[in-house]
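Got a minute to walk through a structure you haven't met before? Let's take it one question at a time.

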Amino acid sequence: MSDQEDIALMAHLMRRAGFGASRDELQSLVEQGYEKTVDQLIDPPESSPRADLYMLYRSMPSTETGGPNPVPGAANWLYNMLNTQRLLEEKMALFWHYIFATANSKVDNDNHLTIQVQLFRDHGMGNYRDLLLRVAQNPAMIFWLDNNENHKRAPNENWGRELLELFSLGVGNYTEKDVFECARAFTGWTIGAKIPRNPHQRFSWYYEFRPEEHDYTEKTFLGQTGNFDGEDIIDIILKQSACPKFIARHLYNFFVADEAQVPAWDIEEPRDPAAVKVLSDTLVENNFDIKPVLRTLFNSDFFKESMYQKIMSPVEVVVGTLRLTGDLRGPDPRLMKVGQEPSYMGQGLHDPPSVEGWHTGREWINSGSVVKRINFVADRVGNVELPGVQSIIDKVSSNGHGKTPEDLVDRCVDLIGPIEVSEQTRQELISHASEEGGLSWATNEERTRSSRRVGDMLALIAATPEYQFG
Amino acid sequence: MTLKEKPPVLVVLQLTGGNDYLNTVIPYTDSNYYDNRRSLLQIPEDSVLKLDDELGFHPVMGPMKEIYDQGDMAIIHGVGYAKSPRSHFRSMDIWHTCEPNKVGTEGWLGRALRDLDPSGENPIGGVNIGQGLPRAMTVPGVSVASVADLTTYGLLTGIEQQEQRTKMLQRFSNMYGQAIGTGAVKEYLGQTGLDALKGADILKEGLSRYSSNVEYGTDAIASSLRDVAMIHTADVGTRVFYTQHGSFDTHASQPPTFDKLWTEVSGAIADFWDDLRQHDADENVVMFLFSEFGRRVRDNGSGTDHGAAGACFAIGPSIKGGMHNVYPETRAEALDQGDLVPDQDFRGVYSTILEDWLNLDPVPIVNGQFEQPKFIEKNGGAV
């Protein structure tokens, strides 16, 4: 494999398992080797810390305390994604947010969304059974799906239904009766509330089991009968063959290649049934531990062959661009505003449109969102003041690159990704570069002009159809 | 300009989450409504805004009652479809694609747009106000603009040198044009990029002409409907508008949520029609409201769970005002799993709009023939 192919494969891994990487980072990872990098993503060394939340809360306390406003919570998460050195852990937190999609539009108590995301960060690479149980007892989830209204004498089916439909099995793998029995088993799993510290804040919730609300009578669920409670239900769910397949298909859709939308899964076969089976089998063989399945996934041929098979999600677009340009490191008041950018492209953090989560793949793209994403990236990669853009300009100017329009285009296409562009796209970019000829770096005036031209070229590349894939 | 010279326009407002039919249009003479199943939510008879001898609106819906009293609103009762799955997502998909038995890939309004503009000349023939694109408007090859912020809509707006930006937009146009014919996703992306470019130009031009004395509210639906009014009065050829408000998914704490949502929706609708009348742009518009299902008759002690039948509303000067179809039976024995039973298929309601308003053949759009309630007085005229 040539150096360039190694770089391209490493860039692919880092885009999917993280949020992209600069050229310098990619080069040192290539030296370290692919499998070693996968290992470190899965088990990061002590020397790779998470983002420093103490620093964030000291300078921006509202990102911790929450309230009805979801903006500080999105800023909090963006800070984590931009500053963590445990990239896969953060990406898995996002993965579980796709599945256990909970929105502040109803929860109206945003620091509980932050707490839920922290749960995904802490346990998202642990064990799925353990995670499901923690989610069932997570206050934001309980309120989101009304399990606090699920009483022995008046069962509320919302959590019971979504647990089966969207969190574990998928449509077609249970009956309406199962939904009802499932709901009954979770009666009494509710929340208590502490008085808020400040009058403008929301009540702080905690999980509480109330025996007097719990239905202790017999239930028949997925063919089994007994005096089940919620934990028994989760164990029965995990024994269904539909369960590992459902999680495997989600992993494939998130990390490998765009699948059909979730509501179609009981009707449409997976894009790559063999790959989903490998992932599903790995889950079962490892008692639903997540790390082994991630290792299998990233080291598989189907993953390595899936470059540019996914439309980047808005969060990937925003975080990837900010990481590439080296902008917004550390606590920064601008996090509040920039944290809302993904929502303008159709993916509000802490605010999925419904418990079904987001529709992904090409559904990220419409004539509204395409405008937002292109403008966001172009405005930043075209800003020659930003350190990451400076670094790209330095790499172009060193060794006197960019003397011809072709070389300018090829360098920029390489250093912004690398990305793969069609020959037609490349010719358009070259035609654009040709209007002002090659770059020259001799005088200060020439340097300024050439830097601006690299910035404009990067902006134009960000606007290509190819750049929307990752 | 007379109606016959202006092509008919449809504005769809989706009440997302499952609107509680029984507390929206209240059967205030029906003892079943006042029995012990719904004690939490019952509106006392003297608070109901009475529309006729049997039915009335929820007290927060004053502006809606005014429109009804003027004869510009049709209420279509008992709308839904057989064997409702009572899942938001599935039900919303069914309403959007008219496919109750399989997952549809084409939205009904996308199909209508294709029939209205078969050669796809106008990239803003359909406009969604909001984030993302509703499935109802999604058909491969049919361009729909999705506008979250009307005022800053445009591509590569950060390039300061105008001459440079113009050149880059030309390159953009070439690159997205070439992406067509290189695989389904790339092709979709290519077309979307081109449409975004053209749509932005048309909208920018049109918006510079809008001014209005109507003061809309500050909530999301008021701002969305104001955007609809801005684009519609700019006369840029948009035929179908879509927007939504919610969430009406009131499993818990229903009264305050429901009251707030319907206060906002009612006020925004009244302001929207005032605005259109001021611009003499109301005659060729029909507005249509629906929700993916109604809610259960029995309350759950705090709110209501997912139900089946609901009501649809059609508003506009061409609407045959009043009640259409009959209110579903509320007796416990007449319910299906505790829910009101629909007897008007939603695809029949769509068919009326398609045939009697947009002058289209509804059968291929809604996948079949369904009984059509006649709630549109005169069709939309010019095509």
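## Getting to know the two chains

Before the questions, one thing about chain B: among its contacts with a separation of 6 or more, residues 24 or more positions apart account for 71%. Keep in mind that this is a predicted model.

Q: How many of the 383 residues of chain B, as a percentage, count as buried?
A: To count as buried, a residue needs 20 or more other C-beta atoms within 10 Å of its own. Across the 383 residues of chain B, the share that gets there is 58%.

Q: How many helices and strands are there in chain B, and what is its radius of gyration?
A: Chain B has 10 helices and 12 strands. The globule rule gives 21 Å for 383 residues, and the chain comes close to that, so chain B is as compact as a globular protein of that length. Its C-alpha atoms fill a box of roughly 70 × 45 × 40 Å along the principal axes. The radius of gyration of chain B is 21 Å.

Q: In what order do the strands of the open sheet in chain B run?
A: This sheet has 3 strands, and the pairing is antiparallel. β2 (25-27) and β3 (49-50) of chain B each pair on one side only, which makes them the edge strands. The order is β2-β4-β3 (chain B).

Q: Which residue in β4(B) stands opposite L49(B)?
A: Strand β4 of chain B covers residues 55-57 and runs antiparallel to β3(B), with 2 bridges joining them. Opposite L49(B), in β4(B), stands F57(B).

Q: Is E99(B) buried, exposed or partly exposed?
A: You'll find E99(B) in the loop between α3 and α4 (108-116) of chain B. Buried takes 20 or more neighbours within 10 Å and exposed takes 12 or fewer. E99(B) has 16 C-beta neighbours inside 10 Å, so the verdict is partly exposed.

Q: What distance separates the C-alpha atoms of E99(B) and N367(B)?
A: Along the chain, these two residues are 268 residues apart. In space, the C-alpha atoms of E99(B) and N367(B) are separated by 7.7 Å.

Q: Which element gives the largest share of the side of chain B that touches chain A?
A: The contact takes 53 residues from chain B and 43 residues from chain A. On the chain B side, α3 (88-97), β7 (144-147), α5 (162-178) and α6 (184-207) each supply at least two residues. By class, that side divides into 23 nonpolar, 22 polar and 8 charged residues. The largest share, 11 residues, comes from α6(B).

Q: What is the radius of gyration of chain A?
A: Chain A has 26 helices and 4 strands. For 470 residues the globule rule gives 23 Å, and the chain's own value is close to that, so chain A is as compact as a globular protein of that length. Its C-alpha trace spans about 85 × 55 × 45 Å along the principal axes. The radius of gyration of chain A is 24 Å.

Q: What percentage of the contacts in chain A between residues at least 6 apart in sequence join residues at least 24 apart?
A: Two residues are in contact here if their C-beta atoms lie within 7 Å. Among the contacts in chain A between residues at least 6 apart, the share joining residues at least 24 apart is 72%.

Q: Which helix gives the largest share of the side of domain 1 of chain A that touches domain 3 of chain A?
A: Chain A is divided into domain 1 (3-42), domain 2 (53-304) and domain 3 (382-468). The centres of domain 1 and domain 3 of chain A are 23 Å apart, taken over C-alpha atoms. Their contact takes 5 residues from domain 1 and 6 residues from domain 3. The largest share of the domain 1 side, 3 residues, comes from helix α1 (residues 3-17) of chain A.

Q: How many degrees of arc do the buried residues of α10(A) cover?
A: In helix α10 (residues 128-136) of chain A, the buried residues are Y128(A), L131(A), L132(A), V135(A) and A136(A). They sit on the same side of α10(A), because around the axis they cover an arc of only 135 degrees.

Q: Which elements are included in what covers the buried residues of α14(A)?
A: The buried residues in α14(A) are G230(A), I233(A), I234(A) and I237(A). Their arc around the axis is only 100 degrees, which puts them on the same side of α14(A). What covers them includes α10, α13 (176-185), β1, β3 (219-221) and α15 of chain A.

Technical notes. Residues numbered from 1 in each chain as written. Chains lettered and ligands numbered in written order. Predicted model: local features only at pLDDT ≥ 70, side-chain atom pairs only at ≥ 80, totals over all residues. Nonpolar A, V, L, I, M, F, W, Y, C, P; charged D, E, K, R; others polar. Domains from an automatic or database assignment. Arc of directions from axis to C-beta. Rg over C-alpha atoms; globule rule 2.2 N^0.38 Å. Pairing = 2+ DSSP bridges.
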